[in-house]
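Reader: I am new to this structure and would like a close look at one part of it. Please take one pair of packed helices, then add what helps to place it.

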Amino acid sequence: MAQTFDITVFEGDGIGPEIMAPTVRLLRQLADRTADYDLRFDTVPAGATHYSETGESLPKASLKSAANADAILLSAMGLPNVRYPDGTEISPQIELRKEFGLFAGVRPVRLVPGQQSPLDLPDGKTVDFVLIRESTEGLFYSQGKGEVSEDEARETLLITRDVSEKLFEFSFNLANSRKDQGRGIGKVTCVDKANVFRAFAFFRDIFDAEAAKHSHLKSDHAYVDATALWMVQKPWDFDVMVTENMFGDILSDLGAGLMGGLGMAPSADIGVKNAVFQPCHGSAPDIAGQGKANPFAMILSAAMMLDWLGAKHNNDAMIQDGKRIRDAIDALVVSRKTLTADLGGKASTTEAANAVVAEILEHA
């Protein structure tokens, strides 16, 4: 009997609905091809557009749907011209992270042979690492609550032992899983600024305590500024990197740049029970409604959702479908066929998404 999973869908703002629609269609098609799982979608309102119409950015009913779902699929959210009274942008995705304790922001960075990139990879080198960004604390902790006076402004960085221990355990478990799959060497790098800030020395101490529990894996440390340099000079040296919220926010965009842009950058925010899957990019209102948006990051985020649900519920068919999606997009990117303008092509959003489906069916 097929396992049935409830997915809460937030269509987002700007290009959000344009990239979500083909992603949901693809997921329905994959589920329809197997007797091993089924997906039920509940599309609910939230975001900047909804806020401008109702004065509410994340309705209670939407939050309830997300809380009860097996997974949450979220498209790009926020609009630069729609803000809260304090001047900050509408960002329900951050509210979801805090509400559900989604401490592990998972940002994969992969370069397949033949993929266009600003980097010129040496022969025999491949890039396949994961940046884990703590997503509930750090410098984002006081979001919307910072102190601002005429002469100064203050924001509070918070790092707690409870969340950090969960974060590091997650990171070492991921490194172990990647090693078992032959995708990594089994190493976790703690990225911090422990030479300057006591909070990061605290962060590093907790990391070292967790590392001691995983003697079969490697661990090391790197300052965030040096890490930014090494991500450009020698990204093939990394396996799993774990860091604070703001540092992770910045480094994940650098990782997207290595892959050719944010249109190739999926992500997940994972907690003990709930998980949100969304592209790293913004809502791009300047191209909304024009059919120019790249759907790949949204579709790859859906593949991460299938991976997570499959692993959590021991459903190999979901894991295989997640791999099928990645393989299909890899093939399109390497062949440079049916790509959107951000990747040097001329395809529309719909054409690029349809090409993923066609590639999957061709190799079914």
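Author: What follows describes one helix pair and then several single residues.

The model is predicted. Two packed helices are described by the angle between their axes and the distance between the axes. For helix 5, which covers residues 161–180, and helix 6, which covers residues 198–211, the angle is about 45° and the axes lie 9 Å apart. Angles under 35 degrees count as roughly parallel and those from 65 to 115 as roughly perpendicular, with the rest, short of over 145, being oblique. Helix 5 and helix 6 are therefore oblique to each other. The crossing in which helix 5 passes helix 6 is right-handed.

Which residues make this contact? On the side of helix 5 they are Arg161, Ser164, Glu165, Leu167, Phe168, Glu169 and Phe172. Helix 6 contributes Phe202, Phe203, Ile206, Phe207, Glu210 and Ala211. Sorted by class, the contact has eight nonpolar residues, one polar residue and four charged residues. An α-helix has 3.6 residues a turn, so residues three or four places apart point the same way.

Another helix can be read through its buried residues. In helix 4, residues 92–100, these are Pro92, Gln93, Ile94, Leu96, Arg97 and Phe100. Just after helix 4 comes Gly101, with a positive phi of about 65°.

Two aspartates come next. Asp330 sits in helix 10, residues 316–335. Its relative accessibility is 15%, so Asp330 counts as buried. Apart from neighbours within four places in sequence, Asp330 is in contact with Arg110 and Val112.

Asp70 belongs to the loop between helix 3 (60–68) and strand 3 (71–74). With a relative accessible area of 24%, Asp70 is partly exposed. Setting aside neighbours within four places in sequence, Asp70 has contacts with Thr4, Phe5, Asp6, Trp308 and Leu309. Between Asp70 and Arg40 there are 9.9 Å from C-alpha to C-alpha, and the two are 30 residues apart in sequence.

Last, the cysteines. A disulfide is a covalent bond between the sulfur atoms of two cysteines. How many disulfides are counted here? With a cut-off of 2.5 Å between cysteine sulfur atoms, the count is zero. Cys190 has a relative accessible area of 0% and is therefore buried. Cys280, at 23% relative accessibility, counts as partly exposed.

Technical notes: Residues numbered from 1 in each chain as written. Predicted model: local features only at pLDDT ≥ 70, side-chain atom pairs only at ≥ 80, totals over all residues. Heavy atoms only, no water. Axes fitted to C-alpha atoms, helices over the stretch in contact; angles between N-to-C directions. Helix = DSSP H or I, 4+ residues; strand = E, 2+ residues; numbered from the N terminus. Left-handed = near helix turned anticlockwise from the far one by under 90°. Contact = heavy atoms within 4.5 Å. Nonpolar A, V, L, I, M, F, W, Y, C, P; charged D, E, K, R; others polar. Buried < 20%, exposed > 50% of the residue type's maximum accessible area, 1.4 Å probe, protein only.
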